[in-house]
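Colleague: Could you take a close look at one part of this model for me, and then walk me through whatever else you would want to check around it? A connected account would suit me better than a list.

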Amino acid sequence: MGNAELNIGNRKKRRKERIDRGIKARSSDIFALSSWREMLYLAAPRLLPIVGLLVLSVALSVYWQRVLLSVSVFALLAISWDIMAQTGMISLGQALFFGTGAYLSGTMNHYWGWPPYITIPLATIFGGLLCTAFLIPVLRLRGIFFSMVTLVLPLMLVRIIEATRIFGGTEGLSGLTALPSKWVELYVLIIVLLAVLFGFRRMMNSDFGLVLKGINDNDRSVMNAGINIYWFKIQALFIASSIGAFAGAFLTHVYLFVGMPVFALDYSILPIASAVVGGIGTLAGSMLGAFILVPLSEILRGLGGLRIVFYGLFLVVFTVAIPEGIFHYIQRKYHQFERWVEVE
Amino acid sequence: MEAAPLLKVSKLYKNFGGVQAIQDLNFELVEGELLGLIGPNGSGKTTSVNLITGFVKPTKGEIVFRGQNITGRAPYKIVRLGIARTFQMVKPFYQLPAYKNMIIPLYSPRVKQMTGGKYGDRDAVALDLLEEVGFERDSHVAYKPASVLPQGYLKRLELAKAIALNPDLIILDELFSGLSLAEVASIVPIIEKLRQEGKSIIMIEHRLKELFRIADRVIVLNYGEKIADGKAAEVMESDAVKNAYLGFEA
Ligand SMILES: Nc1ncnc2c1ncn2[C@@H]1O[C@H](COP(=O)(O)OP(=O)(O)OP(=O)(O)O)[C@@H](O)[C@H]1O
Ligand SMILES: [Mg+2]
């Protein structure tokens with residue numbers, strides 16, 4: 001129960017008191033589930049993203065369905081970023097994972113003619129392995145030093161592709177195989193997103209996840225428990241980079257093209273902005289952030305050059321108004337009510 | 001020395017830049033012994049622990065545990081061989097309940113090894129271990145977030161995390177500091193019980209009275225050098241020790 005103390009002018013001192021809603025206390029004990037209302041209270045947070053995505057998938061126009069694809073891809077990248085952040089690895093280079101996955105599936109499809117249902121899973125796994133291998137040498141670097149490497153790697157890869165003209169050089173690889181239909185595109189992505197959200201949320205709340213968060217909090221204490229923190233970081237990194245690689249591989253077969261833009265800064269920065277606006281540390285917050293920021297950027301498209309200004313303004317307002325992140329804010333309101341009480 | 005010592009530290013040196021934190025440290029620890037390590041502030045006590053547990057690499061010298069040279073090995077490997085330690089500055093995971101703080105040591109491969117690959121229910125094991133160090137089972141303290149626990153319980157939690165690893169050697173870095181006499185008195189039996197179980201213990205302490213009551217032997221450090229080694233009473237009689245402690249403790 002966090003209590004904010006306030007002293008406004010010379011009015012009476014008061015503080016905000018937060019109290020768990022009765023329904024939360026009752027329903028945290030599994031045996032107490034007695035009414036439909038309580039069941040719904042527990043299930044609603046899980047049902048909401050599922051129902052929401054299904055409704056959106058049929059209700060949206062074709063144009064906005066495309067936006068939903070892009071939103072979901074950024075949501076995956078934001079979740080991938082969040083998993084790393086919770087393990088104490090602040091990444092500035094989700095584009096590395098995205099681009100590697102994109103190029104792997106594009107290459108397999110273009111040169112060997114493998115179909116998407118083979119290239120996407122393979123690019124997910126090998127993209128994850130490859131990116132993990134790229135970053136293992138710098139896992140020992142702390143804080144900003146690690147971040148700098150993640151920022152630079154995708155930029156370097158772009159220049160290598162440009163200079164050596166491999167994988168189609170500046171032209172990229174086009175004419176790739178499409179997924180069977182736009183519905184397959186939409187539902188494969190939605191199912192993967194929901195599976196990633198619920199699956200890895202569960203993982204982060206398990207004892208394994210506790211070890212990962214422990215590394216972020218106090219790595220000496222985790223080492224002191226006889227745990228090889230590098231092995232755990234490697235596992236988290238593999239998970240995060242596989243998610244990112246999947247996003248890239250998938251979008252390659254939607255755009256039917258892969259080229260140097262897949263390593264663009266957008267794929268690194270927007271996921272971070274999403275996680276910060278939505279709330280770090282829950283995965284759901286990061287996803288929510290993507291669902292706010294990406295459509296917003298679409299809506300602002302009409303503003304031309306001023307778009308980035310409004311976008312930036314919005315980011316600032318949100319981070320100042322709700323520094324904890326929108327998801328944490330909603331979560332608190334859902335589980336607790338507040339009242340002002342006078343001090344003394 | 002007939003039996004091979006459990007721990008043997010030979011010609012150990014550590015410099016931090018210009019600071020000679022440890023100079024020519026030599027000592028042995030016999031299995032089952034309770035060794036006190038004392039000395040004024042900054043004399044190198046914590047550094048010697050960091051050297052033994054691998055958190056700091058020595059400039060020179062050798063550390064042998066159970067006949068294996070462990071000098072410069074990674075801390076997690078040293079833990080797996082059976083050395084556990086507590087930290088002088090306890091930093092639990094504040095937002096987690098006390099018993100959830102136990103999960104990380106219980107996740108350790110060492111525990112897996114000891115229990116034949118099965119942890120059972122980690123939460124239940126955690127609560128049992130906490131009860132052993134004085135978290136009364138029916139009081140709910142074990143369920144409170146570490147951030148609201150008083151220092152006495154944080155120290156007990158730190159001790160429980162080390163015990164969870166079922167070590168052969170436990171190194172306690174100023175476990176008693178910041179505790180009331182009553183709290184110390186209630187922790188002493190836990191340490192005595194560990195000894196009965198055959199564990200070897202190194203205790204770093206500023207609380208000399210309490211230490212001397214339970215220690216078999218005491219080593220005194222001053223400016224990184226060992227200036228005395230022997231029974232508590234004898235050690236405190238030596239001139240070198242009196243000098244080092246002058247103005248620090250009568
Ligand atoms: N990581 C480090 N970097 C630089 N100097 C260090 C480091 N660790 C310890 N020292 C120095 O080494 C010396 C010994 O420090 P140490 O912490 O071992 O002393 P201590 O006997 O544990 O003291 P205290 O009773 O205050 O805990 C001190 O001069 C300290 O400043
Ligand atoms: Mg110390």
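Modeller: Happy to! At 31% relative accessibility, A:Phe167 counts as partly exposed, because that class runs between the limits of 20% for buried and 50% for exposed. Please keep in mind that this is a predicted model. A:Phe167 sits in the loop of chain A between α6 (143-164) and β3 (173-174). What draws the eye is its backbone: phi is near 50°, a positive value in a residue other than glycine. Most residues other than glycine have a negative phi.

Chain B offers two further cases of positive phi. B:Arg66, in the loop between β4 (60-65) and β5 (68-69) of chain B, has a phi near 50°. With a relative accessible area of 41%, B:Arg66 is partly exposed. The other case is B:Tyr223, whose positive phi is about 45° and which lies in the turn of a hairpin formed by β9(B) and β10(B), with two residues between the strands.

That hairpin is worth following. Strand β9 (residues 217-222) of chain B runs antiparallel to β10(B), and five bridges join the two. Within the pairing, B:Ile219 has B:Asp229 as its bridge partner in β10(B), while B:Val220 is matched with B:Ala228. Strands of a sheet pair through backbone hydrogen bonds.

Zooming out, the hairpin belongs to an open sheet of six strands in chain B, ordered β6-β7-β8-β3-β9-β10, with mixed pairing. The edges are β6 and β10 (225-230) of chain B, each of which pairs on one side only. From one strand to the next, the twist averages 15°. Helix α1(B) lies across β3 (34-38), β6, β7 (169-173), β8 (200-204) and β9 of chain B, and runs at about 145° to β6(B).

The same helix brings us to the metal. The magnesium ion (ligand 2) has B:Thr46 (OG1) and B:Gln88 (OE1) as its protein donors, 1.8 to 2.2 Å away. B:Thr46 belongs to helix α1 (residues 45-52) of chain B and B:Gln88 to the loop between β6 (83-85) and α3 (98-101) of chain B, so the pair ties together parts that are 42 residues apart in sequence. Water is not among the atoms, so the site may look incomplete. Both donors fall in the partly exposed class: B:Thr46 at 26% relative accessibility and B:Gln88 at 32%.

Since we began with a phenylalanine, let me close with the rings. The structure holds 15 aromatic pairs over all chains. One of them joins A:Trp112 and A:Trp114, 5.1 Å centre to centre with 50° between the planes, which makes the pair tilted. A:Trp112 is exposed, at a relative accessible area of 53%, whereas A:Trp114 is partly exposed at 34%. Elsewhere in chain A, ring pairs link A:Phe74, A:Phe98 and A:Tyr267 into a cluster. Rings also meet charges: the charged end of A:Arg140 sits over the ring of A:Tyr230, 3.9 Å from its centre, and in chain B the charged end of B:Arg156 sits over the ring of B:Tyr153, 5.7 Å from its centre.

Definitions and conventions
Residues are numbered from 1 along each chain as its sequence is written. Chains are lettered from A and ligands numbered from 1 in the order in which they are written. This is a predicted model: local features need pLDDT of at least 70, side-chain atom pairs count only at pLDDT 80 or more; totals for chains, interfaces and linings use all residues. Side-chain values use heavy atoms; hydrogens and water are left out. Donors are N, O and S atoms within 2.8 Å of the metal (3.2 Å for Na, K and Ca); water is not among the atoms, so sites may look incomplete. Helices (H or I, at least four residues) and strands (E, at least two) are DSSP runs, numbered from the N terminus. Buried means under 20% relative accessible area, exposed over 50%, partly exposed in between (1.4 Å probe, protein chains only). Two strands pair if DSSP finds at least two bridges between them. Axes are lines fitted to C-alpha atoms, for helices over the stretch in contact, and angles run from 0 to 180 degrees between N-to-C directions. Contact means heavy atoms within 4.5 Å. Rings of Phe, Tyr and Trp (its six-membered ring) pair if their centres lie within 6.5 Å; planes under 30 degrees apart count as stacked, over 60 as edge-to-face and the rest as tilted. A charge sits over a ring if NZ of Lys or CZ of Arg is within 6 Å of the ring centre and within 35 degrees of the ring normal.
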